[in-house]
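Trainee: I would like to learn how to read helices and their packing from a model. Where should we start?

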Amino acid sequence: MRSEALTMRGPVHGTPDARRVAWGSTAGAVIESYDFIGFGTAAALYFGHAFFPNASPVIGTLSAFATLGVGFVARPIGGIIGGHLGDKIGRKPVLVASLIVMGLATFAIGLLPTYETAGVLAPALLVTVRIIQGVAYGAEWGGAILMTYEHAPWRRKGAFTGIVQAGFPIGLLLANLVFLVSVNLSGDWAWRVPFLASLILVIVGLVVRAKVPESPVFEDVRDSGDIVKAPIVQVLREDWRNVLRGIGLRIAETAGYAVAITYMISYLKSEELATSGETIMALCIASAVGIGATIAWGGLTDRIGRRPVYLWVTLFGALWAIPMFLLVNTASLIAIVVTVIVSYAVCQNALAGAQGAWFPELFQAKTRSSGASLAYQISAMISGVTPFVTTLLFLWLGWLGPALLFLAYSALGLVSALLTRETWGRAEREAAARATAETPAEPVRLS
């Protein structure tokens, strides 16, 4: 296979709009992450009582996590739709449409009746809106990442896509800051306000994204007549191995997050190791650290390659699995905060930072949106059911069950990284450096 650096499309130094595209894509990623992740916090802290009040605390938590998982199961549908449209009509329309749908669905959650007022209709409506959220979020990632990747300078694609991936911790931070404030509100307002407030963010995001230009790589593909009739079919026929590798790579990150963060929120509360306020505070601190960490990890892949980052971090994750629970079991607030920071800023952010450039580079430009979206979103089904499975493992094995599951996910990521080709090795980096030196243009800067 030819060197990716020698076959890249788009300006060597990036387009004049590279920075604006990166921040515009990030703005939407922040909003959609706020919406989607906020549901996880609400499910762990409030939804068991609000929508499943007749169940025992454990069953209520399981039911809330099952509802959380429905959204993840729906994400591949969004990935298929968004990936297909991204390869057929462009990346930008997908970005705008997914943001609108996600915003309306999230706002609707804040208006839903509880079980006390609507009976079984309440959880049914919650599941329906969660499915809509999942489809929208599934369509979002591919468009945001590819727009940024294809506008970015050849030698800084990891750093630029790292900005978009940092939208996840920014959204997580915003969501938990709002929950940290709303936890003091009475009754259902403690969880309704964060969802209702998202409408403001959506309006801001739409204004920003409306000004983002289309990907030059897509325009090149379109102008050359390379638009594929059925991109999903073609990528599955020609690149199914990369799709499978991407799924394995992604599971280590997203399902690992479901254990180390999403489930951990519930674990800290149920085992009375920390209060809801302390837990949310720990998440806020980790999210703030994670913003810079994700961008830094993405930039590191530009210097040493995508694969080495994945290999070392997944190995660390496997070694971290048991100490992670031993530390929080001390009930020391400092130990809990440090654990959440390490689990998030290293085990999750590093892998997300590497994915931003690595996933697009595994696929041809004409099927890139479909291939990257499929690999990224199919894995979401595993992460979606993980908090549910983790709760069952806890009932069976205690904290060791979740710890072993986290270890298994990290091991899967390590094996997947070993089986996936490096797309930005020394040869590619040197070729890109020569092309950059030979092309007279002012390099695009992040600031």
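Trainee: What is the sign of phi at glycine 305, which follows helix 13?

Mentor: Positive: the phi of glycine 305 is near 105 degrees. Bear in mind that this is a predicted model.

Trainee: How many residues does helix 13 have, and what span should they give?

Mentor: The check uses a rise of 1.5 Å a residue. Helix 13 runs over residues 276-304, so its 29 residues should span 42 Å. The C-alpha atoms at its ends are 40 Å apart, which agrees with that figure.

Trainee: Where does helix 13 bend?

Mentor: At glycine 290, where the bend is about 30 degrees.

Trainee: How do I read the packing of helix 13 against helix 14?

Mentor: Take the angle and the approach of the axes. Helix 14 covers residues 306-328, and its axis comes within 7 Å of that of helix 13, with a crossing of roughly 120 degrees. Angles of 65 to 115 degrees count as roughly perpendicular, so helix 13 is classed as oblique to helix 14.

Trainee: Which residues make that contact?

Mentor: Helix 13 contributes Trp297, Leu300, Thr301, Asp302 and Ile304, while helix 14 contributes Arg306, Pro308, Val309 and Val313. By class, the contact of helix 13 with helix 14 has six nonpolar residues, one polar and two charged.

Trainee: What does alanine 318, in helix 14, touch beyond its neighbours within four places in sequence?

Mentor: With those neighbours left aside, alanine 318 is in contact with Leu407 and Ser410. Separation in sequence and in space are two readings of a pair: alanine 318 and arginine 307 are 11 residues apart along the chain, and their C-alpha atoms are 17 Å apart.

Trainee: At what angle do helix 12 and helix 15 pack?

Mentor: At about 155 degrees, with the axes of helix 12 (residues 240-270) and helix 15 (residues 333-361) 10 Å apart. That angle makes helix 12 roughly antiparallel to helix 15. The handedness is read separately, and the crossing of helix 12 and helix 15 is left-handed.

Trainee: Which residues of helix 12 and helix 15 meet?

Mentor: Among them are Gly246, Leu249, Arg250, Tyr257 and Leu268 in helix 12, and Ile336, Tyr344, Gln348, Trp358 and Phe359 in helix 15. Sorted by class, the contact of helix 12 with helix 15 has 13 nonpolar, four polar and two charged residues.

Trainee: How do helix 11 and helix 16 cross, left-handed or right-handed?

Mentor: Right-handed. The axes of helix 11 (residues 231-238) and helix 16 (residues 368-378) come within 8 Å and cross at roughly 70 degrees. Helix 11 and helix 16 are therefore roughly perpendicular to each other. Pro231, Ile232, Val235 and Leu236 of helix 11 make the contact with Ser370, Gly371 and Leu374 of helix 16. The contact of helix 11 with helix 16 has five nonpolar residues, two polar and no charged.

Conventions. Residues numbered from 1 in each chain as written. Predicted model: local features only at pLDDT ≥ 70, side-chain atom pairs only at ≥ 80, totals over all residues. Heavy atoms only, no water. Axes fitted to C-alpha atoms, helices over the stretch in contact; angles between N-to-C directions. Helix = DSSP H or I, 4+ residues; strand = E, 2+ residues; numbered from the N terminus. Parallel < 35°, antiparallel > 145°, perpendicular 65-115°, else oblique. Left-handed = near helix turned anticlockwise from the far one by under 90°. Contact = heavy atoms within 4.5 Å. Nonpolar A, V, L, I, M, F, W, Y, C, P; charged D, E, K, R; others polar. Expected span 1.5 Å × (residues − 1). Bend = angle between axes of the 7 residues up to and from the residue.
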